[in-house]
Amino acid sequence: MPKRDFVHTTNFTKADYEEVLRRMKLFDDGVKAGKDFAHLMRGKVLATLFLKESTRTMTAFQSAITRLGGGWTGLTGVGGTYLATGEEDIGDIVQSIAEVADIMVLRYNDCDPFDLAKKIHIPLINGMCGGDEHASGALTMMYPWYKRFGTLQNKTIGMYGMVSSSRPMKAILSAGANFGVKFVIDPVVDVFKTPAHIEKIAYERGATIEYRPVDEWIGDADGIIWVEGLPQTGEPQANVDAFNAKFHQFVPTDFARMKPSAVVSAVMPRMTTDGRLTMSKDCDTHPQNVSFEALQSFQYVAMSLMTYLLGIEIE
């Protein structure tokens, strides 16, 4: 079969997403029931190139390949590599490690994942690389909605926070668009609205996007995301200060403003630049908070993506 990659959410069609979500549910239910999936990727090697900080994505993929019966090799950080000394570029590193692996997940800012994918013969997964998307992270946040509602079709998803700085949010806007998702967004400060080129992708794929204050839509949304409060490098401090001055931390009383069937999640890490948390830890055990459930599901995202891209049949 031809090599397939998941370096950007536009790599997948609606049918692809439906199959990946189906596999995620199968793996989720199976692992919790004690089912053994170790035969699916026995002897396969995952290259984990996490050249920038990673907590959840890296461990999710390592857990996933273990459950599937394979192993991993790779790099954590640039220390000890020729990338750190300037003697080698990211392309040569990716191409070299691809020769000893069957599939690769990459996190690195200063690269073009599309270009890197063309240089290697194994599937490449975006573990938050390049400037736009955290493609695999988007699936992690979408899965609890799919699990609860049975579909993502025409659901209303609210986002509150620095959407323009959030790679997972930009990926969700593109991926969710395949299902006609209605996005309502409060960026707190207008400079943190969705970038125009991401809006264009979302509209072309079938989404609608409205910008309204959170108080106007929190009671109507099916899924709610309290977005990271950490700007991307280079954001003017005046914009960050304006955001911090207006930002509302999600607290336990906010659950009463939601629909009983709705769920909310906080993107991790949840620290803001002024030392607050985007969501209070007092919310962590509430049944409508799926933040940690989504993170548990990340391993099922990884299991699903790896088996799908390698053409491994899952019944």
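Reader: What makes the meeting of the side chains of Glu19 and Arg22 a salt bridge?

Author: In this model, which is a predicted one, the distance from nitrogen to oxygen between the side chains of Glu19 and Arg22 is 2.8 Å. A salt bridge asks for a side-chain nitrogen of Lys or Arg within 4 Å of a carboxyl oxygen of Asp or Glu, and therefore the pair of Glu19 and Arg22, at 2.8 Å, is given that name. The search of the whole structure finds 18 salt bridges.

Reader: Why are Glu19 and Arg22 separated by about one helical turn?

Author: Both residues belong to helix α1, which covers residues 14–32, and they are separated by about one helical turn because they are 3 residues apart in that helix. Glu19 also has a salt bridge with Arg23, again with 2.8 Å from nitrogen to oxygen, and because Arg23 and Glu19 are 4 residues apart in α1, this pair too is separated by about one helical turn.

Reader: Is Arg23 called buried or exposed, and why?

Author: The relative accessibility of Arg23 is 4%, and buried means under 20%, so Arg23 counts as buried. Arg22 has a relative accessibility of 31%, and since the class of partly exposed lies between the limits of 20% and 50%, Arg22 is therefore called partly exposed.

Reader: What makes Glu293 and Lys147 a salt bridge, with 3.9 Å from N to O?

Author: The value of 3.9 Å from nitrogen to oxygen still falls within the limit of 4 Å, so the side chains of Glu293 and Lys147 are said to meet in a salt bridge. Glu293 lies in helix α11 (residues 291–309) and Lys147 in helix α6 (residues 135–149), which means that the pair ties together parts that are 146 residues apart in sequence. With a relative accessible area of 19%, Glu293 is buried, because the class of buried takes in values under 20%, whereas Lys147, at 27%, counts as partly exposed. Both residues also belong to a network of salt bridges that links Asp28, Lys32, Lys147, Arg148 and Glu293.

Reader: What is made by β3, helix α5 and β4?

Author: Strand β3, helix α5 (residues 113–119) and strand β4 make a right-handed β-α-β unit. Strand β3 (residues 103–108) pairs with β4 in the parallel sense over 4 bridges, and since two strands pair if at least two bridges are found between them, the 4 bridges are therefore enough for that word. One of the partnerships joins Tyr108 to Cys129 in β4.

Reader: What makes strand β4 mostly covered?

Author: Strand β4 runs over residues 124–129, and 5 of its 6 residues are buried. Met128 has its place in this strand, and its phi is near 95°, a positive value in a residue other than glycine.

Reader: Why do β7 and β9 stand at the edges?

Author: The open sheet has 5 strands in the order β7-β6-β5-β8-β9, with parallel pairing. Strands β7 (208–211) and β9 (263–266) each have a single partner strand, so one side of each is left without a neighbour in the sheet. From one strand to the next, the twist averages 20°. Within this order, β5 (residues 156–160) and β8 (residues 223–226) pair over 4 bridges in the parallel sense, and Gly158 stands opposite Ile224 in β8.

Reader: What is the peptide bond from Met268 to Pro269, with omega near -5°?

Author: This bond is cis, and Pro269 has its place in the loop between β9 and α11. Most peptide bonds are trans. Thr278 is found in the loop between β9 and α11 as well, and because its relative accessibility is 0%, set against the limit of under 20%, Thr278 counts as buried. Beyond its neighbours within four places in sequence, Thr278 is in contact with several residues, among them Trp226, Phe247, His248 and Arg270.

Reader: Where does Val188 lie?

Author: Val188 lies in the loop between β6 (182–186) and α8 (196–205), and it has a positive phi of about 70° although it is not a glycine. Val188 has a relative accessible area of 10%, and since buried means under 20%, Val188 is therefore called buried.

Notes. Residues are numbered from 1 along each chain as its sequence is written. This is a predicted model: local features need pLDDT of at least 70, side-chain atom pairs count only at pLDDT 80 or more; totals for chains, interfaces and linings use all residues. Side-chain values use heavy atoms; hydrogens and water are left out. Buried means under 20% relative accessible area, exposed over 50%, partly exposed in between (1.4 Å probe, protein chains only). Helices (H or I, at least four residues) and strands (E, at least two) are DSSP runs, numbered from the N terminus. A crossover is right-handed if, with the strands pointing away from the viewer, the path from the first strand over the helix to the second runs clockwise. Axes are lines fitted to C-alpha atoms, for helices over the stretch in contact, and angles run from 0 to 180 degrees between N-to-C directions. Contact means heavy atoms within 4.5 Å.
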